[in-house]
Amino acid sequence: MLDIIYKRNNPKTPEKLTVELFDKLAKSGDREIRSYIAGNPNIPLPTLELLTKDKKDKVRCEVALNPKTPEKLTLKLLEKLVKDKGTDEHVLWDIARSSKTPEIFLELISKKKDPKSTSIYLTGDKYTSAKEMVAQNKNTSATTLESLVKDAEPYNYIRLNAARNPNTP
């Protein structure tokens, strides 16, 4: 599989072969490979559209956040991912930290109940939740930041990220 990924990254690979490689990788049984391909800005649009129907949230999230994805499709995918109660916290984390995410979805993530089993990312020496990423995102409105700070426990990273956000009043 690595030889396929290498060929896709090689600028001398013929375009037809590149399209075939993306298509082959998009049909992989490995979710990580499909996620990697979905997030690649060089992916052909037909392959990207195929991945919008993937069963895995992570793959659809990568499609939504791909700079090549048309805005209308991005909004449709983000709405479904953010409103779905079963969306994995890691996917919400990715959405919340993206500069492509519109404020309306950041606000919805900020209002979600934290999962009982805090399924969150470890970055460096601290855990970060999706709400922390919302507080850090430059697209987050002052109103959403104020709401996050009110709900946050004292001395946590949500407050710290909100304090660093230039939109905080």
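Two residues are said to be in contact when heavy atoms of each lie within 4.5 Å. On this basis, the packing of helix α10 was examined in the structure, which is a predicted model.

Helix α10 spans residues 142-151, and Thr 144, Leu 145 and Leu 148 within this helix are buried. These three residues lie on the same side of α10, because they cover an arc of only 100 degrees around the axis. An α-helix has 3.6 residues a turn, so residues three or four places apart point the same way. Thr 143 and Lys 150, by contrast, are exposed on the other side of α10. The packing partners of the buried residues of α10 are α8 (103-111), α9 (130-136) and α11 (157-164).

The loop between α7 (89-97) and α8 contains Ser 98. This residue counts as buried because its relative accessibility is 12%, and buried means under 20%. A polar atom of the Ser 98 side chain is placed 3.0 Å from the backbone nitrogen of Lys 100. When neighbours within four places in sequence are left aside, Ser 98 is in contact with Leu 65, Asn 137 and Asn 139.

The largest nonpolar core comprises 34 residues, of which Ile 37, Leu 51, Ile 95 and Ile 109 touch the most other members. In soluble globular proteins, nonpolar side chains tend to be buried together. Beyond its neighbours within four places in sequence, Ile 95 is in contact with Cys 61, Leu 65, Leu 78, Leu 81, Val 82, Thr 101, Leu 106 and Ile 109. Leu 65 is thus listed among the contacts of Ser 98 and among those of Ile 95.

Note on methods: Residues are numbered from 1 along each chain as its sequence is written. This is a predicted model: local features need pLDDT of at least 70, side-chain atom pairs count only at pLDDT 80 or more; totals for chains, interfaces and linings use all residues. Side-chain values use heavy atoms; hydrogens and water are left out. Buried means under 20% relative accessible area, exposed over 50%, partly exposed in between (1.4 Å probe, protein chains only). Helices (H or I, at least four residues) and strands (E, at least two) are DSSP runs, numbered from the N terminus. The arc is that of the directions from the helix axis to the C-beta atoms. A polar contact is a pair of N or O atoms within 3.5 Å; within protein, one must be able to donate a hydrogen and the other to accept it, and residues adjacent in sequence count only if both atoms are side-chain atoms. A nonpolar core is a set of buried Ala, Val, Leu, Ile, Met, Phe, Trp, Tyr and Cys residues joined through side-chain atoms within 4.5 Å.
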